[in-house]
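Good morning, colleagues. Please take a moment to look at the sequence and the model before I begin.

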Amino acid sequence: MLGDRRGTRPTPLCHLPVRRPDKGKADSLPRPRPGEPLLPEGRRGATDVFGVDISAEMIAAAREFEQRDPLGVRYEVGDVAELRSLERRFDAALGVQCLNYAADMAEMERMCRNIHRSLVPGGEFFVFAQKPDYRFDCPSLDKYGFLCEPTGEEIETGPRVRVTALLDPRPISIVCAVPRREVYEGCLRAAGFSDVKWVPLQVSEAGIHEYGEVFWADLLAHPPLEMLRCRA
């Protein structure tokens, strides 16, 4: 997702899905609706937001949300590895479980170059994905609403995993890679990005207040997700 940040208010970057202890099903703080972007730049007051996803179904859901609650967000079906030249450049980009779908390093570098080309000089790129050194033998993440399981396969970028969102009424599973840190960093720098920094997962004050510190102990001890930020 690409957007202009002028005039925006600082807000959390994401809503972390959790499994409510009292209800036994996936929920969130607050609950994101189908098609709602993970980084709600439009709701923060951004002047222009453009979202791309390779899934036509996801784009259809996002457009339906936009029709119900207009924010002026534009959506398009597309492959980031083959992203067309856009009519303008943006201030920021967010890739959620995006780069880890690259089949090899060449494809990931192509994704990064396309995103870099779409940003203004100094624009920020936020990558939100599986923690590269996550330990799969740690306590289960099911109480947080999802599972991460290794498939036993490995590709050029890293090991492949099956991520399952424990949604009600039917869980949804996807298979992707967990790229190594040097793969992410190397591809981003080769594409022209600088100031590459890893940002650890944090639980918001609202999450601590709602569930208590004990509930989050396993997740904070073995974080499954991590953010990488850099500048064009």
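I shall speak about salt bridges, two backbone angles, a surface patch and the surroundings of two residues.

Please bear in mind that this is a predicted model.

I begin with the charged side chains. As general background, side chains of opposite charge can pair when their charged atoms come close. In this structure there are 19 salt bridges. One of them joins Arg84 to Glu76, with an N to O distance of 2.9 Å. Both partners are partly exposed: Arg84 has a relative accessibility of 37%, and Glu76 has a relative accessible area of 22%. The pair also belongs to a network of salt bridges, in which Arg84 and Glu76 are linked with Asp48, Arg74, Glu87 and Arg88.

A second salt bridge connects the side chains of Asp133 and Arg181, at 3.1 Å from N to O. Asp133 sits in the loop between S7 and S8, while Arg181 is in helix H3 (residues 181–190), so this pair ties together parts that are 48 residues apart in sequence. Asp133 is partly exposed at 46%, and Arg181 is likewise classed as partly exposed, at 22%.

A third example is the salt bridge of Glu182 with Arg180, at 3.2 Å, N to O. Arg180 is partly exposed, with 29% relative accessible area.

Let me return to the loop between strand S7 (119–130) and strand S8 (146–155), where Lys131 is also located. Is Lys131 buried or exposed? Its relative accessibility is 17%, under the 20% limit, and Lys131 therefore counts as buried. Beyond its neighbours within four places in sequence, Lys131 contacts Val178, Arg181, Pro223, Pro224, Leu225 and Glu226.

Ile208, by comparison, belongs to helix H4 (residues 205–211) and is partly exposed at 27%. With neighbours within four places in sequence set aside, Ile208 is in contact with Val203, Glu213 and Trp216.

I turn now to the backbone. Most residues other than glycine have a negative phi. Gln97, in the loop between strand S6 (90–96) and helix H2 (105–117), has a positive phi near 45°. Asp195, found in strand S11 (residues 194–200), also has a positive phi, of about 50°. Gln97 is partly exposed at 21%, as is Asp195 at 48%.

Finally, the surface. Which residues form a nonpolar patch there? They are Tyr101, Leu167, Ile172 and Ile174, with about 330 Å² of accessible area together. Of these, Ile172 lies in strand S10 (residues 172–177) and is partly exposed, at 44%.

Thank you for your attention.

Key
Residues are numbered from 1 along each chain as its sequence is written. This is a predicted model: local features need pLDDT of at least 70, side-chain atom pairs count only at pLDDT 80 or more; totals for chains, interfaces and linings use all residues. Side-chain values use heavy atoms; hydrogens and water are left out. Helices (H or I, at least four residues) and strands (E, at least two) are DSSP runs, numbered from the N terminus. Buried means under 20% relative accessible area, exposed over 50%, partly exposed in between (1.4 Å probe, protein chains only). Contact means heavy atoms within 4.5 Å. Patches are made of residues with over 30% relative accessible area and no salt bridge: like charges are joined within 9 Å, nonpolar side chains (Val, Leu, Ile, Met, Phe, Trp, Tyr) within 5 Å. Accessible areas come from the Shrake-Rupley method with a 1.4 Å probe; for residues, only the protein chains shown count as cover. A salt bridge is a side-chain nitrogen of Lys or Arg within 4 Å of a carboxyl oxygen of Asp or Glu.
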